[in-house]
Amino acid sequence: MEPSYHHHGERRKQFSIAPLPRHPFFVIDTGVTPDASLLLHWYDRHRRTLPWRAAPGQQADPYHVWLSEIMLQQTVVQTVIPYYERFLERFPTVDALAEAPQEDVLQLWAGLGYYARARNLHACARAIHRLGGFPRTIEGLQALPGIGTYTSRAIAAIAFNIPAVPVDGNVERITARLNAVEDPLPASRPLLARLASHLNDDPAAQARPSDFAQALFDLGASLCSPRSPSCLTCPWRDCCLAKARNMAETLPARQKKKTRPTRHAILFRVLDPEGHVLLRSRPSEGLLGGTDELPGTPWSEGRSTPSPARLAETAFTRHAPVQAQWEECGEVKHIFSHFTLLVRVYGCTLPEKSNYPIDPAHGRFLPPGDAILSSVMKKCLLVGTRHRPRMT
Ligand code: SF4
């Protein structure tokens, strides 16, 4: 995900180690409290340059921090950067975002997934606009739509220099390793959050809350990476219990995940003679809410999944928007957080001057450039070579 760094901290460690958490009844409060100045020294030399990040010595803009944090939830930095830049170009201030129609916001967001987040983003911008600016406390931030414990602490620390430790996956991993917490996630999450809240106990961290929070992110994104941590060059190598016990790579432990169910669907790609595609809107609430999709069958799951032959039969008799000579375009696989979707796409192009009655429930013809397309629908529009819409 991220680049690697080489660094040797010059100072010796200054830290305290509390007894190890072995059993919930004996869990201690603070855990390892590492020397913040070692991390900050490393950060000053190796900090990542990111478009939402303020230059050294500058105060970060809360709008930039908030926007990037919402986009980064469940998505990697490299994916977010172009979206972030397009958003800022179109909506340079939180007020501009608040005043935009929701459709424009969803359209710019399309492809990032988790559309409820985009709607919350817009609702949040409106709330901030009404308040006349961002609240400057963790509690005030947390009262806004779509801002939870992590995001409120991230904005408070990074933009307002409030000493708080935002606990994301990176910080959770660092904490599990520093303290050699072997209890598996997600059950260990409250313990890790408690231990993480003491990472900034050192006065050096209290003096630079914004940099300290970002330094933790950078450490987790580079040296303390999930698979192969570079402990030998880590500024906290001397106080890290996982390194001392040679178990860094195995932490944090995770409970085995249940297998993801698979859902199946058949969707229809109908083009008009201009190459516009028939699309309908999904309900505004729920999965991919408010985005456009190809018409077709519901996404059936598990035991309720009919055999491929049965699914095809009901698809063509009940869900096809027109009677046509359908051609199979191909299959699309898309992984959502809680299921895998397998879609078979069938296509047809309506002949010139055709006058097919199409029930508006199946959608309306749109140039794909004007549609709000999720990643899975983009794949469905692009699969195969026949009956493909013009994408611009
Ligand atoms: S020493 Fe290794 S495991 Fe420990 S914090 Fe540093 S990179 Fe992570």
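## A guided look at helix α2 and its surroundings

Right after helix α2 comes Q74, whose phi is positive, near 70 degrees. Helices here are DSSP runs of H or I with at least four residues, strands are runs of E with at least two, and both are numbered from the N terminus.

Before going further, a word on the model. Residues are numbered from 1 along each chain as its sequence is written. The model is predicted, and local features need pLDDT of at least 70, side-chain atom pairs count only at pLDDT 80 or more, while totals for chains, interfaces and linings use all residues.

**The whole protein.** There are 15 helices and 7 strands in the protein. Of its 392 residues, 39% are buried. A residue is buried if 20 or more other C-beta atoms, placed from the backbone, lie within 10 Å of its own, exposed if 12 or fewer do, and partly exposed in between. Two residues are in contact if their C-beta atoms, placed from the backbone, lie within 7 Å. Among contacts with a separation of 6 or more, 68% come from residues 24 or more positions apart.

**Helix α2.** This helix is largely enclosed by the rest of the structure, because 9 of its 11 residues are buried. Among them are Y63, W66 and M71. The buried residues of α2 pack against α3 (77-90), α4 (94-99), α6 (115-131) and α8.

**Two helix pairs.** Packed helices are described by the angle between their axes and the distance between the axes. The axes are lines fitted to C-alpha atoms, for helices over the stretch in contact, with angles from 0 to 180 degrees between N-to-C directions.

| Helix pair | Axes come within | Crossing angle |
|---|---|---|
| α2 (residues 62-72) and α8 (residues 149-160) | 10 Å | roughly 145 degrees |
| α9 (residues 169-178) and α10 (residues 189-196) | 9 Å | roughly 85 degrees |

The second angle makes α9 roughly perpendicular to α10, a label for angles of 65 to 115 degrees. In that pair, V171, E172, T175 and A176 of α9 meet L192, L195 and A196 of α10. Their contact has 5 nonpolar, 1 polar and 1 charged residues. Here Ala, Val, Leu, Ile, Met, Phe, Trp, Tyr, Cys and Pro count as nonpolar, Asp, Glu, Lys and Arg as charged, and the others, Gly among them, as polar.

In the first pair, P62, V65, W66, E69 and I70 of α2 meet T151, A154, I155, I158 and A159 of α8. That contact divides into 8 nonpolar, 1 polar and 1 charged residues.

**Around the ligand.** Which residues come nearest to the ligand? They are C224, C231, C234, C240 and A248, out of 14 residues around it, where near means a C-beta atom, placed from the backbone, within 6 Å. Two or more residues of this shell come from each of α9 and α13 (241-244), and α9 gives the most, with 3. By class, the shell has 11 nonpolar, no polar and 3 charged residues.

**Some backbone details.** A cis peptide bond joins L185 and P186, with omega about 5 degrees; P186 sits in the loop between α9 and α10. Another cis peptide bond links L251 and P252, with omega about -5 degrees, and P252 belongs to the loop between α13 and β1 (262-271).

N246 is also in the loop between α13 and β1. Although not a glycine, N246 has a positive phi of about 60 degrees, and it counts as exposed because it has 9 C-beta neighbours inside 10 Å. H387, not a glycine either, has a positive phi of about 55 degrees. This residue is in the segment after α15 (375-382) and is buried, with 20 other C-beta atoms within 10 Å.

Technical notes:
Angles under 35 degrees count as roughly parallel, over 145 as roughly antiparallel, 65 to 115 as roughly perpendicular and the rest as oblique.
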